[in-house]
Amino acid sequence: MANSPDERGAELRELFFETSQELLQALNDEALKLEKKPGDEEIVRVIRRTVHTLKGDSAACGLRELSELAHRFEDALSLEGAVNQVAVAEIAFAAADVFAEMIAAYHSGKKLPSTKSLSKKIQDLTAAPATETTRRTRKSAAKTPTTKAARASQKTTGQWTEYEKLAMTQARSEGQDVYHVVVKIDPHCAMPIAGRQLVHNAIGVMGPVLAVRPDAKSPAAAKQVEFLLASVQTAEQIAAKCKIPTITAEVTVEMMLDARAAQTLPPAESTPIVAETPTEGFTPETFATAGIPIDTPAATAVPETVVAPSQLENILRVDAGRIDSVLNLVGELIIGKSMLQQALSEFSKRFPKEPLRGKFADAMAFQARVLNDLQRSVMKIRMVPVDQLFRRFPRMVRDVSRQCGRDVELDISGQDTDLDKGILDAIAEPLTHLVRNAVSHGIEPAEERRKLGKPLQGIVRLNAYHQGNQVIVEVSDDGRGIDAKKIRAKAIELGMATAEEAARMNDAEAFEFIFRPGFSTADEVTEVSGRGVGMDVVQSVLHRLKASINVETSIGKGTTFRMKLPLTLAIIKALLFWVEQRLYAIPLNAVLEIRNRSPSGRQLRGVAVAQPGVAAAATGPPGSRGRPKIQALCARHHRRREEVRIDCRCVGG
């Protein structure tokens, strides 16, 4: 049964909310590039394409306010000379922020944010004076002889957009002529808007309509309509098709691009079929002035990077919840496998001579292999590159460094390292606090770096790599480092430790105060730091993820925060062992080593922990015979090394 329109619309919106984040990220990335390379036409073109995609997608979902705002920004970027405006990068950043707020408001059903500030910036960009290069181009164009119609058309304020220009060159490369068709609506027409639609339908039969001006909601739409048409028909045939009694008063058809020639006809030879009065619109001169190459065969190539359809077909978007459901079912199958193995073991003990034992064992071995392969396959689906998270930080470092008055460069490496999607989402906030602290606390001001003989530009490094069955994520800087004495003094000042306790602490223990709630070494509270809540969030989130963090620092050289994360939390491998006839399990990534130990120990949290000089009986599992050989399991617990006495005959995983 087909879904209702409301359901389809809801699905379309959910898809938009997901894909729009990629568009916003791309907009931020390109704005950062444009800030470093102002005036780069290719970067501005990519920004315009991104905004165009966002405009179209939002319009398809009925998000009118977002679509209209994106449309205004796209038109501003299409204007002559906009690429040379220094403010384009700043406006792109502001647009990305406002678009993100609007999308979040649409998603949550809240009131839309104000767009006045962004609209004012876009308006200023539109009204900005042309650059010297643009003025020279206009003067040169003004010296070129033009026809009466061409001179009249120069009065128009509109322009073809980048996408319409590309569509024109594409149409010519496909063997179609490009025509500019102007249709004046009969003043006595009773329903001019309906008549406009009839004209649109009629001209659409002649070929693809590349553009329509003005907008249907414009008051001028009832008087005149202009079409940019790609067609293999002649101008006479197009004019005849557009003549509709009682609706059209006059039709003008003029060729813009001739597919049969390497260049268009000179303006003097380009004669309209009907041209009683000059009409406002777009002529070949306007088209050439806008920068469309129409005089060489090479111009027929469309300068676009087209993604092969096969590449797009290989990408499938799946909700993370569906993958989790499959993984949960795999977990249930593994539990069922363990139950079957236990039942088979008991069956073998009870019926040791039963011929079916071998067949059962073969079937169980085959099932175990398939389940292991299935588990690994599902786990790989959950793994995503950390670049999905890392790519957010260049924009953030730029903003924070400007707020703090620092000059900071972000160096990213290890972007291709894979990590579980759930863990990647969970560490986004801790990593944000670490990077912000590196910029605001770690990197010194430019004057201080000059006195120390350091480069004026500080560097914050973000790195990720695999280490065993863990993923290491590092945030480091080349700043001032962390002074352990200052940490101790601040802890005493805040009442977190006494002077005697602080004196007995080593540097590693002193650095633990960094992660305490309310602890901050900042002299004043700012928008960026000083409240003492950021690093507390880091510690609490990592504790929930069964992860750890340590600090390495050197005064005057910099600091490194190193997070050790599990590859996944969906399935955790464990080591099973017996203590005092009770079966225990410990995460395998917490195990440091297993070594021989004398049979002595003490009880700690219900588990026997090795301690010389204290006698304790060690026994194996129920039903085991004789005194077991005692070994010590060395594990990591809250950054401390602990030893647990185990029965070596009963270790399993």
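In which sense do strand β8 and strand β9 pair, and over how many bridges? The legends below start with that pair. The model is predicted.

**View 1. The pairing of strands β8 and β9.** Strand β8 covers residues 458–467, and strand β9 covers residues 470–477. The two pair in the antiparallel sense, over 8 bridges. One residue to pick out is V460, whose bridge partner in β9 is D477.

**View 2. The open sheet that holds β8 and β9.** The sheet is open and has 5 strands. Their order is β6-β8-β9-β11-β10. Pairing within the sheet is mixed. The edges are β6, residues 408–412, and β10, residues 548–554. Each of these edge strands pairs on one side only. From one strand to the next, the twist averages 15°.

**View 3. Helices α16 and α18 on the sheet.** Helix α16 spans residues 393–404 and packs on the sheet. Its contacts there are with β6 and β8. The direction of α16 makes about 160° with that of β6. Helix α18, residues 428–442, also packs on the sheet. This helix touches β6, β8, β9, β10 and β11, the last being residues 558–566. The direction of α18 makes about 20° with that of β9.

**View 4. Strand β1 and its surroundings.** Strand β1 runs over residues 177–185. Of its 9 residues, 8 are buried, so the strand is largely enclosed by the rest of the structure. Buried here means under 20% relative accessible area.

**View 5. The strands bridged to β1.** Strand β3, residues 224–231, is joined to β1 by 8 bridges and runs antiparallel to it. Here H180 has L228 of β3 as its bridge partner. Strand β4, residues 248–257, is joined to β1 by 8 bridges as well, again antiparallel. On that side, V182 has T252 of β4 as its bridge partner.

**View 6. F360 in helix α14.** Helix α14 covers residues 356–382 and includes F360. Is F360 buried, partly exposed or exposed? Its relative accessible area is 40%, so F360 is partly exposed. That class lies between the cut-offs of 20% and 50%. Leaving aside residues up to four places away in sequence, F360 touches L344 and F347. S348 gives a further reference point, 12 residues from F360 along the chain. The C-alpha atoms of F360 and S348 are separated by 9.9 Å.

Key:
Residues are numbered from 1 along each chain as its sequence is written. This is a predicted model: local features need pLDDT of at least 70, side-chain atom pairs count only at pLDDT 80 or more; totals for chains, interfaces and linings use all residues. Side-chain values use heavy atoms; hydrogens and water are left out. Two strands pair if DSSP finds at least two bridges between them. Helices (H or I, at least four residues) and strands (E, at least two) are DSSP runs, numbered from the N terminus. Axes are lines fitted to C-alpha atoms, for helices over the stretch in contact, and angles run from 0 to 180 degrees between N-to-C directions. Contact means heavy atoms within 4.5 Å. Buried means under 20% relative accessible area, exposed over 50%, partly exposed in between (1.4 Å probe, protein chains only).
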